[in-house]
Amino acid sequence: MYLFSIVLVAVLGGLLFGYDTAVISGAERGLQAFFMGAEDFVYTDVLHGLTSSSALIGCIIGSAVSGLFAGRLGRKKSLFIAGICFFLSAAGSYYPEFLFFEKGVPSASLLIAFNLYRVLGGIGVGMASAICPMYIAEIAPAGKRGKLVSWNQFAIIFGQLVVYFVNLVILGDHIAPKMESLAEGMNRIVNLPELTADGEWSVTTGWRLMFGSECIPAGLFTILILLVPETPRYLAMSGHDDKALAVLSRINGISKASEILEDIKSTVVEKKEKLFTYGWIVIFIGIMLSVFQQVVGINAVLYYAPRIFDSMGMGDPMFQTVLMGIVNITFTLVAIFTVEKLGRKPLLIAGSLGMALGALGVCLADVIPSLPGLVGVVSIMLYSASFMFSWGPICWVLISEIFPNTIRGAAIAIAVAFQWIFNFIVSSTFVSLYNWSPSFTYGLYMVMCLLAAIFVWKLVPETKNKTLEDMTRLWKSKLP
């Protein structure tokens, strides 16, 4: 119960990660319509793509500095700082006019202020995305580590499902705006009469409530993280052996705790080692795991799900987005309950091939107009489900496991920074690519899925049932 309660608090960071990154899916069309009303600039597709993805710039920054924070302040204090960023971002995105602007009057300056608040939230997401799995991996027993780190991915997907549902409830009977292209990158609202009859509520108020709703989980996480202990591995590296032993004893029992502590100390004799002490290949594998998790294109689906489903003409797009969230949750559970039995590599390879098949289905639905819209919807569901039992949770498990103790903080920071860089590239280009050619977009993602399967098969080591100290010895043995 002690271990469960610690992990439960830590995975709230994952829930906020999912909540913050997916809240844009319900809010982006209302936000787009709001800023299209500005008189001092033209709000184009490019600007909307950058605004919808601006939090990812913060994610890059947050993940890049996470190693520094985790190493200097510890895992626990770093997560507390992330919680503060989440809360301030949610409040600021709800009311970006605070102090400096007139409420409800869109302008270029207000757009900048809104994006700065989203970047601040992204910094929190970037820090949490690197440090939450690190925290869980460092505190969990070897035989339970894969399952417990996978719960962090479950929390991410659960956070996305929660915010899909919250967005659906907030929107209620109100009408989300629909756009049509006037010229290259230029749009107009096509259902303006209905919006006017509805008081334009979704344009003036709906998106604000969606962003502001994050204040509740952000505040809860910030308070609860103060109640959990620091990780025993960080405590041992900081010279607090007695505190490390106390935490290990409560989780593993006194006799086993002493054995684990000695094993930890044997691999952290040198507290600071250079990044490439164990060779370049371990860093390369960590980076490429992060890159492939993004270039398969999943976050383009998660961020723009209502827009994609709407283009397929198969009923209520917000309802279908919630349904996709339920599918995602279900298949994340598949990973949690099979990762320790099947191992990491088989799940990654199977998921890559399933995603490739789903992406192919979306391509065919676009190329062959006579196919029913259901083909596209089912293909998107297959694509998303395949990611959720593979690259979603397992990538985080591997990134938290494969690096040696002495370079883990810095190495994870670099790997996760690359993840957010490619997340930003994929997400910010998706709207323009999808509007140009859905078949090309998903054909590109299909190729990336196949390359990801080959990469895992050839280069990624299996980490099932290995301790973190075992991984240190593995990489050391591969040195020339």
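**Entry 1. Helix α17**

A helix here is a DSSP run of H or I with at least four residues, numbered from the N terminus. I am working on a predicted model. With that in hand I looked up Pro 393. I found Pro 393 in helix α17, which covers residues 391–401. Is Pro 393 buried or exposed? Its relative accessibility is 0%, so I entered Pro 393 as buried. I then took a C-alpha to C-alpha distance from Pro 393 to Leu 364 and got 28 Å. The two residues are 29 positions apart in sequence.

**Entry 2. Nonpolar surface patch**

Leu 364 came up again when I turned to the surface. It belongs to a nonpolar patch with Leu 357, Leu 360, Val 367, Ile 368, Leu 371 and Leu 382. Together these residues have about 540 Å² of accessible area. Which helix gives the most to the patch? I found that helix α15, residues 344–367, does, with four residues.

I picked Leu 360 for a closer look. Leu 360 sits in helix α15. Its relative accessible area is 34%, so I put Leu 360 down as partly exposed. A patch residue needs over 30% relative accessible area. Leu 360 has 34% and therefore clears that cut-off.

**Entry 3. Salt bridges**

How many salt bridges does a search of the whole structure find? I got three. I took them in turn.

Arg 118 and Asp 20 meet through their side chains at 3.6 Å, N to O. Arg 118 is in helix α4 and Asp 20 in helix α1, so this pair ties together parts 98 residues apart in sequence. I checked the accessibility of both partners. Arg 118 has 2% relative accessibility and therefore counts as buried. Asp 20 comes out at 0%, so I noted Asp 20 as buried too.

Glu 138 and Arg 75 form another salt bridge, with 2.7 Å from N to O. This pair links helix α4, which holds Glu 138, with helix α3, which holds Arg 75. The separation along the chain is 63 residues. Glu 138 has 0% relative accessibility and is entered as buried. Arg 75 has 3%, and the cut-off for buried is under 20%, so Arg 75 is buried as well.

Arg 208 and Glu 97 make a salt bridge at 2.5 Å, N to O. I placed Arg 208 in helix α7 and Glu 97 in the loop between α3 and α4, so the pair ties together parts 111 residues apart in sequence. Both of these residues are buried.

**Entry 4. The loop between α3 and α4**

I stayed with this loop, which runs between α3 (75–94) and α4 (108–139). Leu 99 lies in it. What is the phi of Leu 99? I read a positive value, about 75°, although Leu 99 is not a glycine. Leu 99 has a relative accessible area of 67%, so I logged it as exposed. The cut-off for exposed is over 50%.

**Entry 5. Helix α7 and the second largest cavity**

Next I went to Leu 209, which is in helix α7. At 32% relative accessibility, Leu 209 counts as partly exposed. I took the C-alpha distance from Leu 209 to Tyr 95 and found 9.4 Å, with their positions 114 residues apart along the chain.

I then searched for enclosed space. The structure holds three cavities of 30 Å³ or more. I opened the second largest, which contains about 60 Å³. Where does its lining come from? Helices α1 (2–35) and α7 (201–212) each supply at least two residues. Among the lining residues I listed Gly 26, Ala 27, Arg 29 and Gly 30. Leu 171, Ala 176 and Pro 177 also line the cavity, as do Ser 202, Gly 206, Trp 207 and Met 210. I sorted the lining by class. It has six nonpolar residues, four polar and one charged.

**Entry 6. Helix α5**

My last lookup was Asn 167, in helix α5 (residues 142–171). Is Asn 167 buried or exposed? It has 0% relative accessibility, so I recorded Asn 167 as buried. From Asn 167 I took a C-alpha distance to Ser 386, and that came to 25 Å. These two residues are 219 apart along the chain.

Conventions
Residues are numbered from 1 along each chain as its sequence is written. This is a predicted model: local features need pLDDT of at least 70, side-chain atom pairs count only at pLDDT 80 or more; totals for chains, interfaces and linings use all residues. Side-chain values use heavy atoms; hydrogens and water are left out. On a 1 Å grid over the protein atoms alone, a cavity is a set of points where a 1.4 Å probe fits but cannot get out, and a pocket is an open set with protein on both sides within 12 Å along at least five of seven lines; lining residues have an atom within 4 Å of a point. Grid points are joined across faces, edges and corners, and a volume is the space filled by probe spheres set on the points. Ala, Val, Leu, Ile, Met, Phe, Trp, Tyr, Cys and Pro count as nonpolar, Asp, Glu, Lys and Arg as charged, and the others, Gly among them, as polar. Patches are made of residues with over 30% relative accessible area and no salt bridge: like charges are joined within 9 Å, nonpolar side chains (Val, Leu, Ile, Met, Phe, Trp, Tyr) within 5 Å. Accessible areas come from the Shrake-Rupley method with a 1.4 Å probe; for residues, only the protein chains shown count as cover. A salt bridge is a side-chain nitrogen of Lys or Arg within 4 Å of a carboxyl oxygen of Asp or Glu. Buried means under 20% relative accessible area, exposed over 50%, partly exposed in between (1.4 Å probe, protein chains only).
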